[in-house]
Amino acid sequence: HVTRPPDGGVTGRAEEVGVAWRLRLRPVGTGFYDEGRLFSMTTPREFLTFPILRMRDRARLAAFVAWCQRRGSLSDLDDVPLMPWLQERCGRRTAERLWRPLLDSKFDGRYADLPASYIWARTRRMSATRERGREIMGWLPGGYTTLIEGLRSRIERSGGQVHAGTRVERIAGDARGASGLVVDGAHLPFDAVACTLLPPQARKLLDPELRTRAPEDSCRYLGVVCVVLRVDAPVSPYYMLNVTDRSIPLTTVVETTHVVDPEHVGGSLIYVARYVNPENPDLTRDADELADSYVAHATTMLPELRRRRVLARAVQRARAVEPIHVLGGAANIPEMFPAPGLALASSVHVYPEVVNGQAVIGVADRLAEGLIARVRAPVQAVAA
């Protein structure tokens, strides 16, 4: 939805295609909802009076954040269970009052198999986006579509072809490697094929013999349920609301028009979201019933929503949107180039960073470099 000042991959691509001048940056606020209370957690001064924690706990949490900033690599954190590590680093009370409910809301109750690198990476990213104590976020008018269309124009001006919306029936090949694509029943030969679907979907596209070359997937996946609201006026002073009150079965409420100009969307745009495991019944629940329930929970936290006119609403759902790297995940990241002529690259290759536009561009850079090297290599080297 947004970009952040350290996201050099995003801003670099925007400059490359001539849209960087449109990027807008602005400070945003962060809120917490806990035990029926709504309070701000935006500035260092508000951190000092953070009501969930005692003074001693807040001091220890601040030291933990500073430690994460100083530690430049995940090193042995990949094999360390997350909750015991947080209890040791931040104290038992902070782990139980702050971290456990946040993890519960994000991972639909399933987080015992997560490594310590998860919080280390996220703490570093969030801290890096602050200027003078305020978190800074930015956006391109039109979102990432603006960047994608700019890239498409650049590709076509350079002689490339883009066939958006074309249905690929399968990726053709055998145990020796990929040979091309099958589209409308016809085999189209290519020197290399890159598939950017998540591994469970990518494997379904591969010819059976080629599938034997694809690595097994060690990740599990989070799905998402999101009620999108467009209302006639703002409902909250916060861009993002963290939910530590577990009587509210939501992950977050994001009022994205604290970053995106409201005139571009015709009102205030609000995401009422919950990350879920793939078997969660909310993924198949009646859409109107689900929307009513989610909006009711959001209104409990943000009563101003009750006084706003809803101009439009929609329910969006997906069973697999974010790969979860469990303990020891660094050693189990699948090979990006598992067979000659075949590249499988997706957000499963984002680790330990947070999955976002910046991190995905990093994966795309590695994919492009690997493809170029392999296509330019002598045939016998590729076959090897």
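This passage describes the predicted model of a protein chain, from its overall build to one helix pair and several loop residues.

The protein chain of the predicted model has 384 residues, and its radius of gyration of 23 Å agrees with the value near 21 Å that a compact globule with this number of residues would have. When the extent is taken along the principal axes, the C-alpha atoms of the protein chain fill a box of roughly 65 × 45 × 40 Å. The secondary structure of the protein chain consists of 12 helices and 15 strands. Of the 384 residues in the protein chain, 48% are buried. Where contacts in the protein chain between residues at least 6 apart in sequence are considered, 70% of these contacts join residues that are at least 24 apart.

Two packed helices are described by the angle between their axes and the distance between the axes. For helix H1, which covers residues 8–16, and helix H7, which covers residues 144–157, the axes come within 9 Å and cross at roughly 50 degrees. This angle falls neither under 35 degrees, where helices would count as roughly parallel, nor in the range from 65 to 115 degrees that counts as roughly perpendicular, and H1 and H7 are therefore oblique to each other. The crossing of H1 and H7 is left-handed. On the side of H1 the contact is made by Val 10, Arg 13, Ala 14 and Glu 16, while Tyr 144, Leu 147 and Arg 154 take part from H7. Sorted by class, the residues in the contact of H1 with H7 comprise 4 nonpolar and 3 charged residues, with no polar residue among them.

The loops of the model contain several residues that can be described individually. In the loop between strand E2 (30–34) and strand E3 (37–40) lies Glu 35, a residue other than glycine whose phi is nevertheless positive, with a value near 50 degrees. The relative accessibility of Glu 35 is 58%, and because a residue over 50% is classed as exposed, Glu 35 counts as exposed. A positive phi, here near 55 degrees, is also found in Asp 108, again a residue other than glycine, and Asp 108 is placed in the loop between helix H5 (92–106) and helix H6 (117–128).

Another aspartate, Asp 261, is located in the loop between strand E12 (252–255) and strand E13 (268–276). Since a relative accessible area under 20% defines a buried residue, Asp 261, with a value of 18%, is buried. When its neighbours within four places in sequence are left aside, Asp 261 is in contact with Arg 26 and Trp 139.

Two further residues belong to the loop that connects strand E15 (342–344) with helix H11 (357–376), namely Pro 352 and Ser 347. The peptide bond that joins Tyr 351 and Pro 352 is cis, with an omega of about 5 degrees. Ser 347 has a relative accessibility of 14% and therefore counts as buried. Residues up to four places away in sequence not being counted, Ser 347 touches Leu 198, Pro 323 and Val 355. One of these partners, Pro 323, is 24 residues apart from Ser 347 along the chain, and the C-alpha atoms of Ser 347 and Pro 323 are separated by 7.0 Å.

Conventions: Residues numbered from 1 in each chain as written. Predicted model: local features only at pLDDT ≥ 70, side-chain atom pairs only at ≥ 80, totals over all residues. Heavy atoms only, no water. Axes fitted to C-alpha atoms, helices over the stretch in contact; angles between N-to-C directions. Helix = DSSP H or I, 4+ residues; strand = E, 2+ residues; numbered from the N terminus. Parallel < 35°, antiparallel > 145°, perpendicular 65-115°, else oblique. Left-handed = near helix turned anticlockwise from the far one by under 90°. Contact = heavy atoms within 4.5 Å. Nonpolar A, V, L, I, M, F, W, Y, C, P; charged D, E, K, R; others polar. Rg over C-alpha atoms; globule rule 2.2 N^0.38 Å. Buried < 20%, exposed > 50% of the residue type's maximum accessible area, 1.4 Å probe, protein only.
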